[in-house]
Amino acid sequence: MLRRVLESLSLTDSFMWLTGGAIVAVIVVGSAATLSMGRYSGRHWFDFIIFGLAQGSIYALIALGYTMVYGILRMINFAHSEIFMSGPYTACYVAMALSRSGFLESQPILSLAVIFIVAMAVSTVIAVLLERIAYRPLRTAPRLVPLITAIGASFFLQYTFRGLYGSGFQAYPDIRMLQGAWLLGPLRILKIQVVVILAAALMMAGLYLFIQRTRIGKAIRAVSEDKEIAALMGIDVDGMIVRTFVIGGMSAGAAGVLYALMYRQVHFFMGFIPGIKAFTAAVLGGIGNIPGAMLGGVFLGLFESLGPNLFLDGLGVPSPNQLKDAIAFIMLVMVLIFRPTGILGERLAEKKA
Amino acid sequence: MKSLRLLSLVILATMLVSAACGPKAVAYEDKIGVVTIKPGEPIVIAYWFVVAGPDASLGTDTKRGIEIAIDDKGGKLLGFPIKLIGEDSACNAEGGVAAATKLAANPAIIALVGSNCSSEARPGVPILTKAGMVTVSPSNTAPFLTDPNRGPDYAGYLRTAHNDKVQGAVAAEFAYKQMKVTKAATIHDGSPYAEALQAVFAETFKKLGGTITAQEAVAPTDTDMRPVLTKIAAGKPELLYYPIFIAAGGHVTRQAKQVAGMEKVTLMGADGMFSPDFYKAAGDAAVGMYHSSPDFSAFAAGYKDFLDKHQKKYGEKPLAPFHAHAYDASMMIFAAIEKVAKKGPDGTLYIGRQALRDALFATKDFKGLTGNLTCSPSGDCADPRIAVYQTTADNVKNLVMPETPTWKPY
């Protein structure tokens, strides 16, 4: 009996490795074929990488919220995508008002600051309320219960915002300062993407330092390692959990504004796809691990942008860009086959063990 | 022996009784069912449109077309009040199935208007057809829906919208003959509508002598179009045809202006994003681009009245191009109901479902707003007139669609 189980296990294992090997082979052959085709110049590749970095840094910022909540509560906060949506959707009305009054034109930096503050505040309030109302009463419940609650909260928030702002979409106004591109010799970078990448990098660095260097950061890490021992050491566990949600809400709100500045359209359903992608990024990097989430986000963005054109174009696949989600999720499968804990997941697993 | 005689007597009596009420039942028989409407009950018509989400303007626009048609009938048909109900169909296959399943479960529905997107119709129509219902779409344009070989699953489906075969060809002719473009690229979003439209465009364009540099695809929920646009730019096209929907179309339009090598490429969309909402999504990047869409200037004289009523009722101009098609679809349904409905002696109305289908398919020379409608055996009823419009800075600034076409093929 046991032998049979072992046999079937090894069969599964070898199948997984075969699948992994086949995917790697497709990637290598496809990339070689694309590069030898010579359709894209260095400038194109540079563009693909910048597009991927900009998209990836937004995924990374959202992924932080998933990973931090998972680290501290061991639950997937599926309503995080709605925290991401609520801030920029609300701030859009502020942005439109500023644009109508002409203030946006004359004081773009101040206006942007106002938009960011409003978005981050709304997202944070939603995140904290969510924790207080939906998750805290279920702290001692089995793990599946808060998970289902999170999905319910996600729907509740989506349709609340649909009721508040309507079922259509709104568009962020043009901000002249962020339009156009900078030229670096033969290379050309869009201003908005530079802003997005820099802002995201800055926020992530700040957050990393906050978690690693400050007393609160240390306390959050202690709670995520062991709630009971942390409580015995005199750490306010509930307070730390609320702070985690505050940080997650703030980074989601900021990510939302960056996303909205890049893509303009905001609607009540806008959080769904980025939320799923960011969750993927968090798993990719090793869920519960903060640098892992950042790395996972950037990886995912780069795969989405480079993958279809690098791996599939040379193989003659028609319309490869349609398959970018497939590529992103296959990458997730690959990582999970070869490193089930995610890219940086092991360190965390050791600590928890 | 005695009991047998008794039995035959009972049978005889039963037969007599059933014969007494028999003629009534026989007269309102129908192959796939009869809807019975007692006096005072409404005639229920349903829509299945995308009335929520980023593409809601399409559904709202067509829904208003039905509402105005009902108003023009005085809200009544054969003395019975008309009641309009509906479901959101979300402009995707899942939404189409959900809406159709929900509506098919309501036996009071006599006929439907919808769907909006061909992707909803593909899985949704068979569900309605099996329930014995008939639906007339004001805005599905994918060719396979009215293909002569479409099969019995689509027997309850007609449309007043033009077939993509017409629109794709008009767009290609415009690109090649009017714009004198020889290299073009296309983007679709995997929806039956966009995929068929760009395929017809590409086929016609190649036949005319042009080259297609790329036929790319995105997902309707994609936001980052820059990688795909960079890929398209590598083929150096002069025109990009992307007959997709508002959300993704807005992203393509904005980002095309930001991708190296795409700044000068002529942009062209189709009727799926011919809406003020699209201008909101695309912003100033939409200025100068082209749309293929129904030619409103070729509509019947009644269209002006329709616009006045629309303005009065909703306080704004139509939101998308298919309100008149929805109006015509409703009027066709009303005419067919008037033709087949039978009134019982107690004032009850009986409508045979197969009879209603037959009457709709038999529509001939129906004077609608969009032209003279004659339905083909496979359900194509449109009198298609497609033109090309160019967007000006004022259109974007005031969020109104251009009114006069810049080019028409006839």
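Okay, a quick definition before we start: two strands count as paired if DSSP finds at least two bridges between them. Keep that in mind, and keep in mind too that this is a predicted model.

So let's begin in chain A, with strands β2, residues 181-184, and β3, residues 187-190. How many bridges join β2 to β3? Four, and the two strands run antiparallel. If you want a spot to look at, find A:Ala181: across from it, in β3(A), stands A:Leu190. Now follow the chain round from β2(A) to β3(A). The two make a hairpin, with two residues between them. In that turn sits A:Gly185, and its phi is positive, about 65°.

Right, on to where the chains meet. Chain A puts 35 residues into the contact, and chain B puts in 37. People often describe the size of an interface by the accessible area lost when the parts come together. For chain B and chain A, that buried area is about 3000 Å², with 52% of it on carbon and sulfur atoms.

What about charges? Four salt bridges turn up across the interface of chain B and chain A. One I'd point you to pairs A:Lys324 with B:Asp222, where the closest N and O atoms are 3.6 Å apart. Which parts of chain B give two or more residues to the side touching chain A? That would be strand β9 (211-217), plus helices α7 (226-234), α8 (246-256) and α9 (276-282). And the residues on that side of chain B split into 14 nonpolar, 11 polar and 12 charged.

That's my tour, thanks.

Technical notes
Residues numbered from 1 in each chain as written. Chains lettered and ligands numbered in written order. Predicted model: local features only at pLDDT ≥ 70, side-chain atom pairs only at ≥ 80, totals over all residues. Heavy atoms only, no water. Contact = heavy atoms within 4.5 Å. Buried area = accessible area lost by both parts, 1.4 Å probe. Salt bridge = Lys/Arg side-chain N within 4 Å of Asp/Glu carboxyl O. Nonpolar A, V, L, I, M, F, W, Y, C, P; charged D, E, K, R; others polar.
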